[in-house]
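The exercises below are meant to be worked through with the sequence and the model side by side. Try each task before reading its solution.

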Amino acid sequence: MCVMRIVVLVGLTGSGKSAWLERMGVGGLSSDTIRGLLADDETDQTIHQRVFETLRYLLRQRLAIGRETTHIDATNLTPAERAPYIGIGKSYGCEVEAVFFDAPLEVCRERNARRQRVVPEEALAKMALKLKPPEVGEGFARVTVVAG
Ligand SMILES: Nc1ncnc2c1ncn2[C@@H]1O[C@H](COP(=O)(O)OP(=O)(O)OP(=O)(O)O)[C@@H](O)[C@H]1O
Ligand SMILES: [Mg+2]
């Protein structure tokens with residue numbers, strides 16, 4: 001009987017993923033935090049592969065010591081980006097679910113502009129084109145939608 005679970009957050013930058021975790025008072029494995037730990041720069045986009053290798057390593061370590069819930073705090077925009085968590089979930093026999101932050105691009109744009117760490121406008125537009133909302137068919141036990 002499995003008690004562990006992986007919660008994959010999905011949403012554009014500024015869609016409210018980190019704010020939601022903060023409201024719930026839980027920490028997640030954040031790709032930006034890991035960027036900061038590795039490169040002393042939370043915005044360094046040149047170490048993408050290393051960042052996600054590290055994130056998956058930390059996730060496996062958490063599962064190995066039986067942590068009940070792990071949130072993956074990254075944009076996770078496509079099925080290909082989300083698939084590794086479904087695979088890890090299977091190998092540890094735990095449930096994987098998705099939470100989709102369905103905030104309109106305009107809202108994300110406004111929040112992004114008002115923030116300390118501003119993501120370039122073109123990068124946000126590219127993300128919006130890439131975004132494929134998560135579906136149960138990918139292997140998620142459930143998909144929850146949070147309106148933005
Ligand atoms: N529901 C909300 N209502 C109003 N403001 C919000 C809401 N959710 C988030 N914000 C604000 O919008 C900004 C961006 O939110 P947040 O940092 O949670 O986005 P994110 O999805 O984690 O983005 P990123 O992928 O870049 O980390 C923050 O300043 C946050 O306080
Ligand atoms: Mg965030």
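**Exercise 1.** Find which helix gives the most to the shell around ligand 1, and work out how the residues of that shell divide into nonpolar, polar and charged.

*Solution.* Begin with the helix: α1, residues 17-24, gives the most to the shell around ligand 1, with three residues. Helices here are DSSP runs of H or I with at least four residues, strands are runs of E with at least two, and both are numbered from the N terminus. Before going further, note that this is a predicted model, in which local features need pLDDT of at least 70, side-chain atom pairs count only at pLDDT 80 or more, and totals for chains, interfaces and linings use all residues. Residues are numbered from 1 along each chain as its sequence is written, while chains are lettered from A and ligands numbered from 1 in the order in which they are written.

Next, list the shell, where a residue counts as near the ligand if its C-beta atom, placed from the backbone, lies within 6 Å of it. The residues around ligand 1 are Gly11, Thr13, Gly14, Ser15, Gly16, Lys17, Ser18, Ala19, Asp32, Thr75, Arg111 and Arg115.

Finally, sort them, with Ala, Val, Leu, Ile, Met, Phe, Trp, Tyr, Cys and Pro as nonpolar, Asp, Glu, Lys and Arg as charged, and the others, Gly among them, as polar. The shell then divides into one nonpolar, seven polar and four charged residues.

**Exercise 2.** Determine in what order the five strands form the open sheet, and which helices lie on the sheet.

*Solution.* Start with the pairing, for which DSSP must find at least two bridges between two strands. The order is β2-β3-β1-β4-β5, and the pairing is parallel. At the edges are β2 (29-30) and β5 (143-147), each of which pairs on one side only. As for helices, α4 packs on the sheet and touches β1, β3 and β4, its direction making about 175 degrees with that of β1; α1 lies across β1, β2, β3, β4 and β5, and runs at about 150 degrees to β3. Such contacts require C-beta atoms, placed from the backbone, within 7 Å, and the angles, from 0 to 180 degrees, are taken between N-to-C directions of axes fitted to C-alpha atoms, for helices over the stretch in contact.

Then follow the individual bridges. Strand β1 (residues 5-10) is joined to β4 (residues 95-102) by six bridges, with Ile6 partnered by Val96 and Leu9 by Val99. Towards β3, β1 has four bridges; here Val8 stands opposite Ile72, and Arg5 has Thr69 as its partner. Two bridges hold β2 to β3, and one of the pairs is Ser30 with Asp73.

**Exercise 3.** Establish how many residues of β1 are buried, and which residues have the most contacts inside the largest nonpolar core.

*Solution.* A residue is buried if 20 or more other C-beta atoms lie within 10 Å of its own, exposed if 12 or fewer, and partly exposed in between, with C-beta atoms placed from the backbone. By this count five of the six residues of β1 are buried, as are four of the five in β3. A nonpolar core is a set of buried Ala, Val, Leu, Ile, Met, Phe, Trp, Tyr and Cys residues joined through C-beta atoms within 7 Å. The largest one has 23 residues, and those with the most contacts inside it are Ile6, Val8, Leu9, Val10 and Ile72. At least two residues of this core come from each of β1, α3 and β4. Leaving out residues up to four places away in sequence, Ile72 touches Ile6, Val7, Val8, Leu9, Gly28, Leu29 and Tyr85.

**Exercise 4.** Decide whether Asp40 is buried or exposed, and do likewise for Asn76.

*Solution.* Most residues other than glycine have a negative phi. Asp40, in the loop between α2 (31-39) and α3 (48-64), has a positive phi of about 55 degrees; Asn76, in the loop between β3 (69-73) and α4 (79-92), has one of about 45 degrees. Asp40 counts as exposed because it has 8 C-beta neighbours inside 10 Å, whereas Asn76 is buried, with 22 other C-beta atoms within 10 Å.

Methods. Contact = placed C-beta atoms within 7 Å.
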